[in-house]
Amino acid sequence: MENAWFGYDSARPVLRDVSVSIPRGRVVGIMGQSGCGKTTLLRIIGGALLPSRGSARVFGTLTRDLDRDGLYAMRRRMGMLFQFGALFTDMSVYDNVAFQMREHTDLPEELIHDLVMMKLQAVGLRGAAQLMPSELSGGMARRVALARAVALDPQLMLYDEPFTGLDPISLGVIARLIRELNDSLGATSIIVSHDVDECLDLVDHLYFMADGRVVSEGDPQSVRGSREPFVDQFVHGKPDGPVPFNYPAPSYDADLELAGR
Amino acid sequence: MAGGALRAFFERLGGWVTARVWRLGFASRFLGYMLLHSGTALRRFPLTIREIYFSGVLSLVIILVSGLFVGMVLGLQGYNTLERYGSSEALGVLVALSLVRELGPVVAGLLFASRAGSAITAEIGLMKATEQISAMEMMAVDPIARVVAPRFWGGVISMPLLAALFSAMGIFGGYLIGVRLIGVDEGAFWSQMQAAVDLREDILNGVIKSFVFGIAVSWIAVFEGYDAPPTAEGVSGATTRTVVTSSLAILALDFILTALMFTGGNVR
Amino acid sequence: MNRSTIDLWVGLFVAAGLGALLFLALKVGNLASFSTNEVYRVTANFANIGGLKVRAPIKSAGVVVGRVSDIRFDDQAYEAIVTMSLDSQYKFPRDTVAKILTSGLLGEQYIGLEAGGDSKMLANGDRLRLTQSAVVLENLIGQFLFNKATEGGDNKK
């Protein structure tokens with residue numbers, strides 16, 4: 001992505017002059033506060049949004065140049081894991097994972113069965129194949145969504161907040177799966193998150209975003225020891241720093257005085 | 001100053017009208033797109049059959065029960081009035097024509113909108129809110145073709161059938177009250193009805209009406225669902241809008257269609 | 001809900017719906033309409049057609065033998081020209097009388113045909129010569145009042 005700007009309306013840009021380049025085969029993390037534009041970045045990469053200025057290039061092609069069919073062809077080489085799984089609630093786990101295979105290929109049911117079982121085995125949920133999404137716990141649902149996302153062996157995996165809301169065990173499981181899948185598929189993974197510890201252990205490279213801009217980048221080692229104020233505050237969870245504790249407000253004395261009257 | 005307030009009022013009115021027109025245009029493009037991409041709904045017919053089940057079969061109970069009651073009320077009220085002019089034998093005619101021409105399509109349409117229409121809107125809206133629609137798009141499957149179109153066609157197919165069942169049930173209800181309970185002559189009931197109800201003029205027109213209502217309700221239901229803001233309030237607002245807009249649309253279309261179809265007379 | 005159960009219910013639903021439509025068409029409606037039979041057209045002129053409408057029945061001896069298909073105004077003779085579509089299986093002689101009658105006291109108006117004795121039958125496009133116009137209620141009442149007044153006048157003499 002080069003010099004991309006994006007805004008839903010021109011007065012309030014969501015992304016300002018963002019340049020990110022993600023090499024093949026690596027696991028890259030994009031971190032930042034809620035609302036800093038990380039998810040928008042992900043959607044631009046996925047082709048769901050077009051940058052207002054600048055460009056995004058995926059698999060060597062500009063997203064701007066793609067027509068509907070081209071866009072769909074590009075997306076078949078990608079997999080995306082949504083924040084809470086986004087499983088299809090009217091289908092069983094098996095049908096969810098088999099969805100892409102049934103829609104995009106003409107494989108016979110026996111072959112699909114084997115493939116689905118393989119994917120579920122990789123995430124450890126082969127036994128849950130006949131359950132409905134409403135019967136799954138959060139962590140299990142996310143693992144099924146992961147199996148569904150990798151159903152057609154994509155070359156690019158996008159993860160939108162994969163660690164949010166999970167217990168420590170599930171956290172560890174997901175993190176391990178992300179790494180394993182990336183390496184075994186020879187794919188590239190982009191993780192958007194604000195879970196510092198997991199990301200630092202997992203990724204090859206990190207980008208930090210604040211306020212729609214990229215403020216810092218580096219590999220986990222350098223990030224841990226970074227003395228850059230924003231990175232420092234973020235990584236060590238300090239309450240005050242470049243990101244202020246107080247929401248902008250008139251002076252405290254003035255407010256108290258007003259109330260006292 | 002009164003002038004300023006008046007001006008503000010008109011500005012708001014104009015803005016409101018513009019917004020509605022824009023939304024209507026957007027909804028029309030949506031309809032056009034969906035119709036173009038309805039191939040999937042027809043090629044993979046089981047998807048559509050599933051939707052016929054959910055909007056049609058599951059509405060059967062409310063339609064049949066309502067039809068029966070409406071028919072029975074028609075029988076009672078109709079008899080009261082006709083008796084006064086000594087024409088109680090025309091009860092069959094009254095019940096049949098009221099149902100086939102108007103009450104069948106309209107009431108069945110209103111019931112369909114509130115039961116099936118709101119369910120469709122809620123379902124699609126919820127799928128949008130839980131990112132299932134986005135997930136489908138990211139998997140290169142067109143959600144409009146796969147989720148929206150089958151529900152639309154399911155509604156369009158179910159509506160005329162439900163209206164016919166409503167009318168039939170209503171006539172049966174009128175028969176129960178008129179002939180069995182009150183004692184109108186059975187032969188007169190049926191024979192006068194057959195003489196007065198015409199296949200082309202009345203029944204066919206009623207079917208056309210229910211078909212048009214089906215298209216309107218299904219269109220509104222899927223559009224509101226797809227366009228709903230992905231929040232709890234958003235989905236609930238969309239569901240309410242479906243029921244209200246569908247009901248108004250049915251009544252307005254009914255007036256237009258009735259004026260077109262039943263002008264009667266011998267004006268040439 | 002598995003697939004076959006859904007299919008079963010949908011099948012039943014569609015069958016029931018079509019059945020209801022069939023019921024309406026046959027038992028409730030008027031399936032034997034003359035559009036399916038062969039018809040021949042004849043015209044007749046009337047001084048006053050009263051409340052006669054297009055599609056009104058044409059009866060002879062009380063049996064429906066046709067329908068009114070067209071009603072026009074002749075502004076030369078200032079009369080109404082009524083076109084009648086008669087079922088081909090019923091033949092009428094050329095001197096048949098067409099009368100506009102009312103079913104019941106205040107009911108719908110229809111055309112009644114009374115066959116004459118001519119050996120030649122009506123063909124497509126022929127015109128009935130003998131007609132009787134509708135009875136207009138106001139004229140009847142006016143006539144009645146006039147008669148009453150005349151009677152009263154006679155009695156006084």
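These exercises walk through parts of a predicted model, each with a worked solution.

Local features here need pLDDT of at least 70, side-chain atom pairs count only at pLDDT 80 or more, and totals for chains, interfaces and linings use all residues. Residues are numbered from 1 along each chain as its sequence is written, while chains are lettered from A and ligands numbered from 1 in the order in which they are written.

**Exercise 1. Chain A in outline**

Task: Find how many helices and strands chain A has, and what share of its residues is buried.

Solution:
- Start with the elements. Helices (H or I, at least four residues) and strands (E, at least two) are DSSP runs, numbered from the N terminus.
- Chain A has 10 helices and 11 strands.
- Now take burial. A residue is buried if 20 or more other C-beta atoms lie within 10 Å of its own, exposed if 12 or fewer, and partly exposed in between, with C-beta atoms placed from the backbone.
- Of the 261 residues in chain A, 36% are buried.

**Exercise 2. One helix, two faces**

Task: Describe the span of helix α4 of chain A, then find where its buried residues lie.

Solution:
- Helix α4(A) covers residues 109-123, 15 residues in total.
- From first C-alpha to last, α4(A) reaches 21 Å, close to the 21 Å expected at 1.5 Å a residue. The expected span is 1.5 Å times one less than the number of residues.
- Next, list the buried residues of α4(A): Val116(A), Lys119(A), Leu120(A) and Val123(A).
- They cover an arc of only 95 degrees around the axis, so they sit on the same side of α4(A). The arc is that of the directions from the helix axis to the C-beta atoms.
- An α-helix has 3.6 residues a turn, so residues three or four places apart point the same way.
- Turn to the face away from the buried side. It carries the exposed residues Glu110(A), Leu111(A), Asp114(A) and Gln121(A).
- Contact means that the C-beta atoms of two residues, placed from the backbone, lie within 7 Å. The buried residues of α4(A) pack against α3 (93-104), α5 (138-149) and α6 (168-185) of chain A.
- Just after α4(A), Gly124(A) has a positive phi of about 80 degrees.

**Exercise 3. A helix pair in chain B**

Task: Set out the helices of chain B, then work out how α4(B) and α5(B) pack.

Solution:
- Chain B has 10 helices and zero strands.
- Its C-alpha trace spans about 65 × 60 × 40 Å along the principal axes.
- Of the 268 residues of chain B, 48% count as buried.
- Pick out α4(B), residues 60-84, and α5(B), residues 91-129. They pack at an angle of about 145 degrees, with axes 10 Å apart. Axes are lines fitted to C-alpha atoms, for helices over the stretch in contact, and angles run from 0 to 180 degrees between N-to-C directions.
- Among the residues making the contact are Ile62(B) and Leu74(B) of α4(B), and Leu91(B) and Arg115(B) of α5(B).
- Sort the contact residues by class: 14 are nonpolar, five polar and one charged. Ala, Val, Leu, Ile, Met, Phe, Trp, Tyr, Cys and Pro count as nonpolar, Asp, Glu, Lys and Arg as charged, and the others, Gly among them, as polar.

**Exercise 4. Chain B and its neighbours**

Task: Find which elements of chains A and C touch chain B.

Solution:
- Begin with chain A: 13 of its residues contact 10 residues of chain B.
- α2 (68-75) and α3 of chain A give two or more residues to this side. The largest share, four residues, comes from α3(A).
- Move to chain C: 23 of its residues contact 27 residues of chain B.
- α1 (3-28) and β3 (63-74) of chain C each supply at least two residues. α1(C) gives the most, with 15 residues.
- By class, this side of chain C has 15 nonpolar, four polar and four charged residues.
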